[in-house]
Amino acid sequence: MTLLDLSGLTLRTTDGTTLVDDLSLTLAPGERLGLIGESGSGKSLTALAVLGLLPEGITATGSVELAGTQIVGAREEQLTRVRGRDAAVVFQEPLTALDPLMRAGRQLAEPLRRRHGLRGPALKRAVLDALERVRLAEPDRIARSFPHEISGGQRQRVALAMALACEPKLLIADEPTTALDVSVQAEMLDLIDTLVRERDMAVVFVSHDLAVVARIADRAVVMRQGRAVEEGTVLGLVRSPAHAYTRALVGSARRLESALNLGDPR
Amino acid sequence: MTPPPVLELRDVSLHHRGSDTPAVQDVSLTVETGGSLALVGESGAGKTTLLRLLLGLGRPTRGTVAFDGTELAPRDRRQMRAFRRSVQCVFQDPYSSLDPRRRVGDIVAEPLRSLGLDTKATAAPKVAEALERVGLPADAVRRYPHEFSGGQRQRVAIARATVCHPRVLLADEPVSALDVTTRVAVVDLIAELKRERGLTVVMVSHDLSVVASLCERTAVLEGGRVVEQGDTARVLGAPAHPYTRRLLDAVPRLPV
């Protein structure tokens with residue numbers, strides 16, 4: 001059984017530039033995959049293509065099958081049915097994911113109402129439950145707050161609660177902790193790890209940071225300039241990278257990290 | 001007699017108007033010539049506020065900022081001129097800190113022109129030298145910022161900051177917007193400038209591995225106060241304050 005099957009996915013701009021080139025990968029239910037790459041590698045566009053969320057001017061060819069639905073070329077009604085139910089996404093910058101003019105509680109109520117048909121007090125209860133589930137203290141206050149009134153970490157938790165609201169089979173997380181402080185990042189990674197594990201949810205975790213990917217994903221694809229250059233277990237990639245680019249990535253990360261080994265005399 | 005520290009904050013506090021809590025409180029720091037200091041902490045800790053004070057871009061509500069042992073007086077034009085010549089800065093985002101409508105050559109020449117050190121003609125060889133030192137091709141002078149990648153843009157910003165041979169480089173998260181391979185290259189470049197030209201570096205960063213790679217001294221800020229400062233090897237190697245330990249523990253590590 002595969003949950004997600006990308007086959008020969010190619011993304012091009014209208015002027016013919018190839019952004020993602022002939023990418024194939026599969027994901028089983030409950031599996032956690034990392035998409036690793038630097039800026040311009042096509043990792044975020046690949047994540048967007050899974051939900052049919054590509055920006056205007058970028059066209060997809062090839063095949064993206066998500067829980068049995070072909071996403072490439074799908075009509076908007078089909079995509080609406082898939083989004084939230086089969087896959088949901090958390091972006092890097094929660095401010096862009098949240099409507100600045102709507103209180104957090106109302107934004108979160110929308111997917112809960114649509115997916116579960118909840119109304120009135122039951123809906124209100126479900127909103128507070130969802131906020132508690134992402135370990136937000138004072139869910140009442142958060143629900144009444146506008147996005148600008150809460151911290152970046154709290155906003156990202158609200159965005160995660162929204163993504164989980166429809167109980168998707170696949171969570172796509174696109175650099176979800178890059179904009180956060182390091183201690184908030186650690187909490188957020190713990191939270192994502194626990195919540196997807198409890199729900200047997202599959203994850204596509206997009207990041208440039210190998211150490212962060214290693215916290216969530218078991219397997220990873222390394223992308224460079226739109227192509228997958230190497231695929232394997234995260235441990236394998238970090239311990240014995242085969243491709244020169246993966247070696248450069250691991251080497252750079254290791255070198256920076258080794259500066260922190262201050263116990264050893266240098 | 002030992003020379004006074006090149007930059008010094010003495011019991012500095014800054015209250016923003018309309019805010020109940022001070023942005024920074026009772027901070028004392030010294031930056032010795034040729035040394036390097038990192039200001040470390042999370043959002044809202046007051047790192048950037050301190051850097052602005054060190055740059056003379058704001059005045060503290062209490063306490064003093066001293067440059068070469070004399071209190072910094074933003075209205076003293078002579079002192080500020082000497083100060084700007086000696087202290088230059090690099091910002092986090094190489095996409096917003098370079099004027100998109102100007103060619104790289106003009107951008108890098110800007111400190112020389114605005115300090116009245118050079119004309120366009122006499123600036124040219126210095127610009128070429130600065131670009132070469134940061135590893136950019138000579139034809140970069142005729143090109144525009146958008147033609148360069150993030151890492152190259154940060155090199156342009158470093159060329160601009162070092163073209164007038166300042167003694168101090170203040171850098172606000174200079175590599176956090178860069179990819180990891182580029183990040184290592186820019187860290188190496190700053191280390192080289194430090195080593196070869198005796199450049200004094202003050203850096204704001206939340207990235208402890210970058211701090212450990214570049215700075216001999218570290219001050220840890222929490223809620224506008226310095227909770228711990230000293231040699232980086234000691235502060236990050238054997239932290240005394242629980243907040244420093246929390247920061248260190250939160251750094252994601254590669255699996256072994």
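Me: Which residue in β10(B) stands opposite Arg217(B)?

Reply: In this model, which is a predicted one, Arg217(B) stands opposite Asp231(B) in β10(B).

Me: What makes β9(B) and β10(B) a pair of strands?

Reply: Strand β10 of chain B covers residues 225-231, and 6 bridges join it to β9(B), with the two running antiparallel. Pairing requires at least two bridges, so the 6 bridges found here satisfy it. The two strands form a hairpin with 2 residues between them, and Gly223(B) in the turn has a positive phi of about 55°.

Me: Which other strand of chain B is joined to β9(B) by 4 bridges, and do the two run parallel or antiparallel?

Reply: That is strand β3 of chain B, residues 36-40, which runs parallel to β9(B). Here Leu39(B) stands opposite Ala219(B) in β9(B).

Me: Why is β9(B) called mostly covered?

Reply: Strand β9 of chain B comprises residues 217-222, and 6 of its 6 residues are buried. A residue counts as buried if 20 or more other C-beta atoms lie within 10 Å of its own, so each of these 6 residues reaches that cut-off. On one side the buried residues are Arg217(B), Ala219(B) and Leu221(B), while on the other they are Thr218(B), Val220(B) and Glu222(B).

Me: Where in chain A is there a strand with both faces covered?

Reply: Strand β6 of chain A, residues 87-90, has Ala87(A) and Val89(A) buried on one side, and Ala88(A) and Val90(A) buried on the other. This β6(A) is joined by 4 bridges to strand β7 of chain A, residues 170-174, in a parallel arrangement, and Ala87(A) stands opposite Leu170(A).

Me: How do you know which residues of the largest nonpolar core touch the most other members?

Reply: Members of the core are joined through C-beta atoms within 7 Å, and of its 158 residues, Val50(A), Val203(A) and Val204(A) touch the most other members. Helix α7 of chain A, residues 152-165, gives the most to this core, with 8 residues. Leaving aside neighbours within four places in sequence, Val50(A) is in contact with Leu4(A), Val64(A), Leu66(A), Ile71(A), Ala87(A), Ile172(A) and Val204(A). In soluble globular proteins, nonpolar side chains tend to be buried together.

Me: Why can the radius of gyration of chain A be said to agree with a compact globule?

Reply: With 266 residues, a compact globule would have a radius of gyration near 18 Å, and chain A has 19 Å, so the two agree. Along its principal axes, the C-alpha trace of chain A spans about 55 × 55 × 35 Å, and buried residues make up 44% of its 266 residues.

Me: How many residues does each chain bring to the contact between chains A and B, and which helix of chain A gives the most?

Reply: The contact takes 28 residues from chain A and 25 residues from chain B. On the side of chain A that touches chain B, α11(A) gives the most, with 8 residues, and the residues of that side divide into 15 nonpolar, 6 polar and 7 charged.

Me: How do you know where α3(B) and α5(B) meet?

Reply: Residues are in contact if their C-beta atoms lie within 7 Å, and Val104(B), Ile107(B), Val108(B), Glu110(B) and Pro111(B) in α3(B) meet Val156(B), Ala159(B) and Arg160(B) in α5(B). These residues divide into 6 nonpolar, no polar and 2 charged. The two helices pack at an angle of about 35°, with their axes 6 Å apart.

Notes:
Residues are numbered from 1 along each chain as its sequence is written. Chains are lettered from A and ligands numbered from 1 in the order in which they are written. This is a predicted model: local features need pLDDT of at least 70, side-chain atom pairs count only at pLDDT 80 or more; totals for chains, interfaces and linings use all residues. A residue is buried if 20 or more other C-beta atoms lie within 10 Å of its own, exposed if 12 or fewer, and partly exposed in between; C-beta atoms are placed from the backbone. Two residues are in contact if their C-beta atoms, placed from the backbone, lie within 7 Å. Ala, Val, Leu, Ile, Met, Phe, Trp, Tyr, Cys and Pro count as nonpolar, Asp, Glu, Lys and Arg as charged, and the others, Gly among them, as polar. The radius of gyration is taken over C-alpha atoms; the globule rule is 2.2 Å times the number of residues to the power 0.38. Axes are lines fitted to C-alpha atoms, for helices over the stretch in contact, and angles run from 0 to 180 degrees between N-to-C directions.
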